[in-house]
Amino acid sequence: MKYSALILSNLFRKKIRTVLTIGSFAVALFLFGLLAVVHGAFNQGIDVAGVDRVVVINKVSIIQPLPVSYEERMLRIPGVKAVTHANWFGGVYQDERNFFPQFAIEDDTYRPMFPEFVVPDDQWKAYMDDREGAIVGAELAKRFKWKVGDRIPIKGTIFQGTWDFNLRGIYQGKRIQDDNTQFWFHYKYLEERENPFWKGLIGWYTVKVANPDDSARIAKQIDETFSNSPWETKTDTEKAFAASFAKQAGNIGFLIMSIGAVVFFTLLLVTGNTMAIAVRERVRDLAVLKAVGFSDVFVLVLVLAESLLIAAVGGALGLAGAKLLTLGGDPTHGMLPFFYLSPQTVVVGFSVALVVGVVAGLLPAITAMKLNVVAALRRV
């Protein structure tokens, strides 16, 4: 801090150049934060998947149903603790752009299967007593300004017609990553209203195992139980199931890493060039410092400190901007319900900015350290 005034005066010799370099860092770190948020959104299901749950779908495709009678047979498999099922509904609320997941759930078993979703007991009882009742996530209720007691009409796309629901409860996830944008309603309501073809069929099963170490064995045994039947199954751990969905959007992780690497490499070149020009412009000043007794190491540290300050200020501004964007909630209207910049990501981003600042300033700093005082003063 003793030489902070000297560092600041050197940086603001060319104010516009310094501001633009800081802006480059800010833009790069803002982009880094945004890419990290998108990556986290695509991997949300993987990160929060239960280690003691496996998912059973039709072997052909998840859009193909399974018989509801499979539940009893799976419960008889050693190591299976509980089974529940759900259906994708795929309806539209007011406008097709108002996307959110809607599930017809098995009432008695769904809530214990997912303890991370918390519903007040009185609200759950009200839901169970109402065949047209529904439970929604806190974020979804906030998005549409719904409150308990509201009547919600949803137009079916897979299951035709207008379906009216009474909002009886609002759930809240225990963790920041939990999806609070789901809409649940009674499977029995779906079964009663739908055509006879759908009766006795469900979309997928979620199975809780007694010992997570047995998940692979139980998954294999479930598939063997229903092999060579008209409705063969494909069973994966919940983490693997979520990962398969993420992969459908492509290798998001590789894409984000590639973009980030290009951005930071460009930033490294820009900052390095800025610091090199700044050192060339101050050859006389640096030579005078060395002539009056300041060491080579002092000159090295001085130039590195300037580069680090630019990186720190720009990085902090960029990450702060990314954080402010995420505080506004999900801007994608349900496509990426988990839109959150974690403190760990902020620390990583700021650390990367500092590393870029050091690397970019290192060569100009070494050049300044090796200045020959007599030769430098003669050049001016």
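## Close-up views of a predicted model

**View 1. Asn 87 stands opposite Ala 104 of strand S4.** The model shown here and in the views below is predicted. Strand S4 covers residues 102-105, and strand S3 covers residues 80-88. S3 and S4 pair in the antiparallel sense, over 3 bridges. S4 also pairs with strand S9, which takes in residues 183-186. S4 and S9 run parallel and are joined by 4 bridges. Ala 104 has Phe 185 as its bridge partner in S9. From S4, Gln 102 and Ala 104 point one way, while Phe 103 and Ile 105 point the other way. All of these S4 residues are buried.

**View 2. Phe 183 lies among the residues with many neighbours in the largest nonpolar core.** This core has 38 residues. Met 74, Trp 146, Phe 183, Leu 190 and Ile 222 touch the most other members. Leaving aside residues up to four places away in sequence, the contacts of Phe 183 include Phe 100, Pro 101, Gln 102 and Phe 103. Phe 183 also touches Ala 134, Ile 135 and Val 136, as well as Leu 140 and Trp 146. Ile 152, Ile 154 and Phe 165 are contacts of Phe 183 too. A second core, separate from this one, consists of 28 residues, among them Leu 267, Val 303, Ala 311 and Leu 319. In soluble globular proteins, nonpolar side chains tend to be buried together.

**View 3. Asp 130 sits in the loop between H6 and S6.** Asp 130 counts as buried, with a relative accessibility of 13%, because the cut-off for buried is under 20%. A polar atom of the Asp 130 side chain lies 3.0 Å from the backbone nitrogen of Glu 132. Asp 130 also touches Asn 166, Arg 168 and His 186, with residues up to four places away in sequence not counted.

**View 4. A salt bridge joins the side chains of Arg 151 and Glu 132.** The N to O distance is 2.8 Å. Arg 151 belongs to strand S7 (residues 151-156), whereas Glu 132 is in the loop between helix H6 (121-128) and strand S6 (133-137), so the salt bridge ties together parts that are 19 residues apart in sequence. Both ends are partly exposed: Arg 151 has a relative accessible area of 45%, and Glu 132 has one of 26%.

**View 5. Lys 147 and Asp 150 form a salt bridge through their side chains.** The pair meets at 3.4 Å, N to O. Lys 147 counts as exposed at 54% relative accessibility, whereas Asp 150 counts as buried at 19%. Side chains of opposite charge can pair when their charged atoms come close.

**View 6. Lys 234 and Asp 236 meet in a salt bridge.** The N to O distance between their side chains is 2.6 Å. Lys 234 is partly exposed, with 39% relative accessible area. Asp 236 also counts as partly exposed, at 25%. Elsewhere, Arg 53, Glu 116, Arg 175, Asp 178 and Glu 238 are joined into one network by salt bridges that share partners. A search of the whole structure finds 13 salt bridges.

**View 7. The protein as a whole has 15 helices and 12 strands.** Of its 380 residues, 46% count as buried. The accessible surface comes to about 19300 Å², and carbon and sulfur atoms account for 63% of this area.

Conventions: Residues are numbered from 1 along each chain as its sequence is written. This is a predicted model: local features need pLDDT of at least 70, side-chain atom pairs count only at pLDDT 80 or more; totals for chains, interfaces and linings use all residues. Side-chain values use heavy atoms; hydrogens and water are left out. Helices (H or I, at least four residues) and strands (E, at least two) are DSSP runs, numbered from the N terminus. Buried means under 20% relative accessible area, exposed over 50%, partly exposed in between (1.4 Å probe, protein chains only). Accessible areas come from the Shrake-Rupley method with a 1.4 Å probe; for residues, only the protein chains shown count as cover. A salt bridge is a side-chain nitrogen of Lys or Arg within 4 Å of a carboxyl oxygen of Asp or Glu. A nonpolar core is a set of buried Ala, Val, Leu, Ile, Met, Phe, Trp, Tyr and Cys residues joined through side-chain atoms within 4.5 Å. Contact means heavy atoms within 4.5 Å. A polar contact is a pair of N or O atoms within 3.5 Å; within protein, one must be able to donate a hydrogen and the other to accept it, and residues adjacent in sequence count only if both atoms are side-chain atoms. Two strands pair if DSSP finds at least two bridges between them.
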